[in-house]
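Student: I am new to this structure and would like a close look at a single part, the nonpolar surface patch. Which residues make the patch, and which helices supply them?

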Amino acid sequence: MSDKKAALFNQKDLFAYFIVAGLGACVQLLAGGLIKDWFRVSYEDSILPAYFIALVVGFFLTKLFAFNARQSQQTRREMFKYVLVASFSGIITWLFSTIPYEFIHARYPDFFFHIPYSVKKINITQIGTTIHGMGYSFVSNYILHKTFTFKSSGFYDRFKDLLK
């Protein structure tokens, strides 16, 4: 394996990012369920707002724990690049969640789990397709955050100069 590939997929960063992304996934799943219930929106319409709620939590956890960027002194720059990458990955999450859900939902009824002693039913089909979408998003996020967001690439400076 080349040194560049080994550096991209080193175990320490990958493990830390997996833990941080797992926490973000929990926030996203919880937020998505609450958004659907509270605002009476469809599954498809709850994915992106939940993703962007998890994005806020994810930025700070990723900066602090995943890519040794805690002392970078470039938080604004990293936030800007993080939002760019996360927006792209949000679209990936939405596509790889909704397309499989529509495919499955057209052929089979949704599978629900009823929480004991509660009126709440959890749609396992939607959770499964959301996790599917998150998996694709995880890969794109990891690679782009490692090689772009938390690495000085000059992009932010060029973008700032363009706006002047």
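Tutor: What follows describes the nonpolar patch and the chain that carries it. The model is predicted: local features need pLDDT of at least 70, side-chain atom pairs count only at pLDDT 80 or more, and totals for chains, interfaces and linings use all residues. Residues are numbered from 1 along each chain as its sequence is written, and side-chain values use heavy atoms, with hydrogens and water left out.

The chain has 6 helices and 2 strands (DSSP runs, numbered from the N terminus: helices are H or I of at least four residues, strands E of at least two). Along the sequence their pattern is α-α-α-α-β-β-α-α. The accessible surface of the chain is about 10,400 Å², and carbon and sulfur atoms hold 69% of that surface (Shrake-Rupley method, 1.4 Å probe; for residues, only the protein chains shown count as cover).

Leu-48, Phe-52, Ile-91, Trp-94, Leu-95, Phe-96, Ile-99 and Tyr-136 make a nonpolar patch of about 690 Å². Such a patch joins nonpolar side chains (Val, Leu, Ile, Met, Phe, Trp, Tyr) within 5 Å, from residues with over 30% relative accessible area and no salt bridge (a side-chain nitrogen of Lys or Arg within 4 Å of a carboxyl oxygen of Asp or Glu). At least two patch residues come from each of helix H3 (43-66) and helix H4 (75-107). H4 gives the largest share, 5 residues.

Trp-94, one of the patch residues, lies in helix H4. Trp-94 counts as partly exposed because its relative accessibility is 31% (buried is under 20%, exposed over 50%, partly exposed in between).

How values were computed. Patch = residues over 30% accessible without salt bridge, like charges linked within 9 Å, V, L, I, M, F, W, Y side chains within 5 Å. Buried < 20%, exposed > 50% of the residue type's maximum accessible area, 1.4 Å probe, protein only.
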